[in-house]
Amino acid sequence: MGVARTAPGTALWPCGRLLCARLPPASGRSFFRFRPGTGVFAEGHIELPATSGASLGVSTMAEDIQTKIKNYQTAPFDSRFPNQNQTRNCWQNYLDFHRCEKAMTAKGGDVSVCEWYRRVYKSLCPISWVSTWDDRRAEGTFPGKI
Amino acid sequence: MAYPMQLGFQDATSPIMEELLHFHDHTLMIVFLISSLVLYIISLMLTTKLTHTSTMDAQEVETIWTILPAIILILIALPSLRILYMMDEINNPSLTVKAMGHQWYWSYEYTDYEDLSFDSYMIPTSELKPGELRLLEVDNRVVLPMEMTIRMLVSSEDVLHSWAVPSLGLKTDAIPGRLNQTTLMSTRPGLY
């Protein structure tokens, strides 16, 4: 598979792509032409199994949580946190996991449903932040509401 | 990778960097044209014996040199915004890697599955082996899969740092207490 991008060279002289410029997002000329998991890889690289939409790291169809956790690759795009600053994303998932765990153990339910939040916060949050927060929770000085 | 006596950008390794290279060529061409036009006009002004001392009516030329720069600015802004939006496209990464800045080394964390983390110190110049890159070699390199969308989360454990890879068109500030996200996609294998 070759790099399929067109090489416009000096695009304006004369112009082609320039006049096709579109201001709103979701332009047809998507940067992400390379779908993860479906490409041809050079020798010696890891190829991830690309068996379903879940290989994109997110479920695009209605999938139950167990399948999502089983096919987990990394934290998927979360539309609540669309921008560059992902601090809140990490914080929110950390809180959600511990709240879920607390609620499930209080009710005697199955804690494995909280696994999704655990995987996401583990992917996103720096290890040092997590260990600081864990220590604070143990001491009772954790600032978040769990 | 940088090479001696380099003047321009490094070769692009990601599609966004390719776009940026073409945009830079396009904008620089406009800059050269305007600069040479201005230089030419200045040289004409300095080398003429003709004079004209009465007030002139300059409506037409004033209109031209108002409208034309506006058009030029639009011709620069449109591809620029196109690339800006392209960088912001929603993509689903397959891997998340965290780069934490310290004084004075980086530590990398791969925590999607197991917890893998390591420090990456620069090799001091006095310890370089022949052929190694000065100020760029490190003891433990970040190894990333190619042709996969990777989410890089950059932060710092002490002061402000910045994590950059020129050939991928990446530069993201590492701010303590903040997790900055950038997306990376390499089209070919290599050392960057």
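These are my notebook entries on a sheet and two pockets in a predicted model.

**Entry 1: the sheet in chain B**

I looked up the strand order first. In chain B, 5 strands make up an open sheet, ordered β3-β2-β1-β4-β7, and their pairing is mixed. I then asked which strands stand at the edges. They are β3 (116-120) and β7 (180-184) of chain B; each has a single partner strand, so one side of each lacks a neighbour in the sheet. From one strand to the next, the twist averages 25 degrees.

**Entry 2: the pairing of β4 and β7**

I turned to the contact of edge strand β7(B) with its partner. Strand β4 (residues 150-156) of chain B is joined to β7(B) by 5 bridges, and the two run antiparallel. I noted one residue pair here: B:M152 has B:T182 of β7(B) as its bridge partner.

**Entry 3: a helix from chain A**

I checked what chain A places on this sheet. Helix α3 (residues 115-124) of chain A lies across β1 (95-102) and β4 of chain B. Relative to β1(B), the helix runs at about 45 degrees.

**Entry 4: the largest pocket**

I recorded a volume of about 1,400 Å³ for the largest pocket. Its lining comprises 46 residues, and those nearest the centre are B:Y108, B:R141, B:V142, B:W163 and B:Y192. Which elements give two or more residues to this lining? They are β1, β2 (105-110) and β5 (161-165), all of chain B. The largest share, 5 residues, is that of β5(B). I sorted the lining of the largest pocket by class and obtained 32 nonpolar, 11 polar and 3 charged residues.

**Entry 5: the second largest pocket**

For the second largest pocket I noted about 680 Å³ of space. It is lined by 30 residues, with B:M87, B:D88, B:Q181, B:T182 and B:T183 closest to the centre. B:T182 is thus listed here and is also the bridge partner of B:M152. Two or more lining residues come from each of α2 (59-87), β6 (170-174) and β7 of chain B. Edge strand β7(B) supplies the largest share, with 4 residues. The class count for this lining is 14 nonpolar, 11 polar and 5 charged residues.

**Entry 6: position of the second largest pocket**

I asked where the second largest pocket lies with respect to the domains of chain B. Domain 1 (15-49 + 56-88) and domain 2 (95-186) both contribute residues to its lining, so the pocket lies between them.

How values were computed. Residues are numbered from 1 along each chain as its sequence is written. Chains are lettered from A and ligands numbered from 1 in the order in which they are written. This is a predicted model: local features need pLDDT of at least 70, side-chain atom pairs count only at pLDDT 80 or more; totals for chains, interfaces and linings use all residues. Side-chain values use heavy atoms; hydrogens and water are left out. Two strands pair if DSSP finds at least two bridges between them. Axes are lines fitted to C-alpha atoms, for helices over the stretch in contact, and angles run from 0 to 180 degrees between N-to-C directions. Contact means heavy atoms within 4.5 Å. On a 1 Å grid over the protein atoms alone, a cavity is a set of points where a 1.4 Å probe fits but cannot get out, and a pocket is an open set with protein on both sides within 12 Å along at least five of seven lines; lining residues have an atom within 4 Å of a point. Grid points are joined across faces, edges and corners, and a volume is the space filled by probe spheres set on the points. Ala, Val, Leu, Ile, Met, Phe, Trp, Tyr, Cys and Pro count as nonpolar, Asp, Glu, Lys and Arg as charged, and the others, Gly among them, as polar. Domain bounds come from an automatic or database domain assignment.
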